[in-house]
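Subject: Structure handover and notes

Dear colleague,

I am passing on the structure we spoke about, and I would be grateful if you could look through it alongside the notes below.

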Amino acid sequence: RSAVIVSFARTPISRFLGEMSSMSAPSLGAVAIRGAVERANIDPNDVGEVLMGNVCSAGLAQAPARQAAIQGGLSLGTATTTIQKV
């Protein structure tokens, strides 16, 4: 099987403690995941892997990409990777 990128999405850019500060990174990621799946017009169960990046991981608990994938409606078997870089 070949890897294929079918869609991507990102969250809007905001400022520190701005309009989106009440939402957690995984919750914002879930919105992006749902949007990417909808734009690609694919079944969420067909997504094999999620790569999610974030800058500040403090206070997010473990595996933010996993949290976002589950909240975004993907199957529990979807592989996830969180990329953290400042």
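Leaving aside its neighbours within four places in sequence, which residues is Asn54 in contact with? Please bear in mind while reading the answer, and everything after it, that this is a predicted model. The contacts of Asn54, once those close neighbours are set aside, are Leu60, Thr82, Ile83, Gln84 and Lys85. Asn54 itself belongs to strand β1, and it counts as buried because its relative accessible area is 11%, where buried means under 20%.

One of those partners, Lys85, sits in the segment after β2, and it counts as exposed, with a relative accessible area of 65%. When its neighbours within four places in sequence are left aside, Lys85 is in contact with Asn54 and Val55. The C-alpha atom of Lys85 is also separated by 8.1 Å from that of Cys56, although the two residues are 29 residues apart along the chain.

Turning to the helices, Ile33 lies in helix α1 and is buried, with a relative accessible area of 10%. Not counting residues up to four places away in sequence, Ile33 touches Val50, Ala68, Ala69, Gly72 and Leu74. Between the C-alpha atoms of Ile33 and Pro44, which are 11 residues apart along the chain, the separation is 9.3 Å.

Two of the residues touched by Ile33, namely Ala68 and Ala69, appear again among the buried residues of α2, which are Pro64, Ala65, Ala68 and Ala69. Seen down the axis of α2, these buried residues fall within an arc of 135°, and they therefore line one face of the helix. What do the buried residues of α2 pack against? Their packing partners are α1, β1 and β2, the last of these spanning residues 79-84. Just after α2, Gly73 takes a positive phi of about 90°.

Positive phi values also turn up in two residues other than glycine, and you may wish to look at each of them in the model. For Asn41, phi is near 55°; this residue is placed in the loop between α1 and β1, and it is exposed, with a relative accessible area of 68%. For Ala63, phi is likewise near 55°, and its place is in the loop between β1 and α2, the helix that covers residues 64-71. Ala63 counts as partly exposed, at 41% relative accessibility.

Finally, there is the matter of pockets. The largest pocket has a volume of about 1,700 Å³, and of the 43 residues that line it, the closest to its centre are Ala9, Gly29, Leu51, Met52 and Gly53. Helix α1 (25-40) and strand β1 (49-54) each supply at least two residues of this lining, and the largest share, eight residues, comes from α1. How many residues of the lining are nonpolar, polar and charged? The lining of the largest pocket divides into 27 nonpolar residues, 11 polar residues and five charged ones.

With best wishes

How values were computed:
Residues are numbered from 1 along each chain as its sequence is written. This is a predicted model: local features need pLDDT of at least 70, side-chain atom pairs count only at pLDDT 80 or more; totals for chains, interfaces and linings use all residues. Side-chain values use heavy atoms; hydrogens and water are left out. On a 1 Å grid over the protein atoms alone, a cavity is a set of points where a 1.4 Å probe fits but cannot get out, and a pocket is an open set with protein on both sides within 12 Å along at least five of seven lines; lining residues have an atom within 4 Å of a point. Grid points are joined across faces, edges and corners, and a volume is the space filled by probe spheres set on the points. Helices (H or I, at least four residues) and strands (E, at least two) are DSSP runs, numbered from the N terminus. Ala, Val, Leu, Ile, Met, Phe, Trp, Tyr, Cys and Pro count as nonpolar, Asp, Glu, Lys and Arg as charged, and the others, Gly among them, as polar. Buried means under 20% relative accessible area, exposed over 50%, partly exposed in between (1.4 Å probe, protein chains only). Contact means heavy atoms within 4.5 Å. The arc is that of the directions from the helix axis to the C-beta atoms.
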